[in-house]
Amino acid sequence: TRIARGNPFNPGESGDHALYHVTIPFGTVTTARFAALKLPARPGERAAPIGQAIYLHCPHGYGDTKLSNAWFEKALGVPATTRNWRTVRVLETMLSPPLAGAR
C-alpha cells in the first residue's frame with residue numbers, strides 16, 4: 001500500500017497506467033547512490049527514488065525505455081523487480097483490509 005500511495009508522478013485514477021512503473025531493488029539503495037547514476041532517460045522520462053522504490057514515468061512506453069529492470073539491476077548491483085502501475089494498483093486492492101461490515 002505504501003508503494004501504491006507514494007508515486008510522485010500521480011498517474012491518477014484515469015491516467016494511462018501503462019506509462020507508469022515501479023522498480024523495487026532487493027537491496028538497499030541510498031539516495032546518494034541513486035543520484036550518482038547516469039540515467040539513460042529519453043526526453044520526458046522520469047525516475048524518482050522514494051523509500052526503497054524507484055518510480056518511473058515512461059511516456060514513450062516501457063518497451064522503448066532504457067530505464068529497464070535489467071539496467072537498474074546492472075547499475076545498482078542488486079536484483080530488482082519492476083511492475084506496471086496497473087499491477088501495483090491491483091496488488092494494493094488485494095492487500096487492503098476489507099471495509100468494516102463487509103462480507
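Two residues are in contact when heavy atoms of theirs lie within 4.5 Å. Keep that in mind as you look at this predicted model. Among contacts in the chain between residues at least 6 apart in sequence, 68% join residues at least 24 apart.

**Stop 1: the whole chain**

Start with a cartoon view of everything. You should find four helices and four strands. Follow the chain along its sequence, and the pattern reads α-β-α-β-β-α-β-α. Turn the model around: the C-alpha trace spans about 50 × 30 × 20 Å along its principal axes.

Now switch on the surface. The accessible surface of the chain is about 6,500 Å², and 57% of it belongs to carbon and sulfur atoms. Of the 103 residues in the chain, 34% are buried. Colour by charge next, and look for 12 positive and 6 negative side chains. The centres of those two sets lie 6 Å apart.

**Stop 2: helix H4**

Select residues 85-95, which form helix H4. Which residues of H4 are buried? Show the side chains of Trp85, Val88 and Glu92, and you have them. These residues sit on the same side of H4, because they cover an arc of only 55° around the axis. A general rule helps here: an α-helix has 3.6 residues a turn, so residues three or four places apart point the same way.

Spin H4 to its other side, where Arg86, Thr93 and Met94 are exposed. Then bring back the rest of the chain to see what covers the buried residues of H4. The cover includes helix H1 (2-5), strand E1, strand E3 (53-57) and strand E4 (80-84).

**Stop 3: Trp85**

Stay in helix H4 and zoom in on Trp85. Why does Trp85 count as buried? Its relative accessible area is 2%, and the cut-off for buried is under 20%. Leaving aside neighbours within four places in sequence, Trp85 is in contact with Ile3, Ala4, Asn7, Pro11, His17, Tyr20, His21, Val22 and Tyr55. Try a distance too: from Trp85 to Arg46, C-alpha to C-alpha, is 14 Å in space, and the two are 39 residues apart in sequence.

**Stop 4: His21**

One of the contacts of Trp85 is His21, so select His21 next. His21 belongs to strand E1, residues 20-25. Is His21 buried or exposed? With a relative accessible area of 6%, His21 is buried. Not counting residues up to four places away in sequence, His21 touches Ile54, Tyr55, Leu56, Tyr62, Thr82, Arg83, Asn84 and Trp85.

**Stop 5: Phe9**

Move to the loop between H1 and E1, and pick out Phe9. Phe9 is buried, and its relative accessible area is 14%. Beyond neighbours within four places in sequence, Phe9 is in contact with Tyr20, Arg46, Ala47, Ala48, Tyr55, Leu56 and His57. Take Leu56 from that list and check the distance: the C-alpha atoms of Phe9 and Leu56 are separated by 8.1 Å, with their places 47 residues apart along the chain.

**Stop 6: helix H3**

Select residues 69-76 to show helix H3. The buried residues here are Asn69, Phe72 and Leu76. Look down the axis of H3: these residues fall within an arc of 65°, so they line one face of the helix. That buried set packs against E1, helix H2 (31-35), E3 and E4. On the other side of H3, you will find Ala70 and Lys74 exposed. Step just past the end of H3 to Gly77, which takes a positive phi of about 70°.

**Stop 7: a pair of rings**

The structure holds two aromatic pairs. Show the rings of Trp71 and Phe72 to see an edge-to-face pair: their centres are 5.1 Å apart and their planes stand at 85°. How exposed is each partner? Phe72 is buried, at a relative accessible area of 0%, whereas Trp71 counts as partly exposed at 22% relative accessibility.

**Stop 8: Gly63**

Finish in the loop between E3 and helix H3, where you can select Gly63. Gly63 counts as exposed, with 73% relative accessibility. Draw one last line from Gly63 to Ile3, C-alpha to C-alpha: the two are 22 Å apart in space and 60 residues apart in sequence.

Conventions. Residues numbered from 1 in each chain as written. Predicted model: local features only at pLDDT ≥ 70, side-chain atom pairs only at ≥ 80, totals over all residues. Heavy atoms only, no water. Phe/Tyr/Trp six-rings, centres within 6.5 Å; stacked < 30°, edge-to-face > 60°. Buried < 20%, exposed > 50% of the residue type's maximum accessible area, 1.4 Å probe, protein only. Helix = DSSP H or I, 4+ residues; strand = E, 2+ residues; numbered from the N terminus. Areas by Shrake-Rupley, 256 points an atom, 1.4 Å probe, with all protein chains shown as cover. Lys, Arg positive; Asp, Glu negative; His and termini not counted. Charge placed at Lys NZ, Arg CZ, Asp CG, Glu CD. Arc of directions from axis to C-beta.
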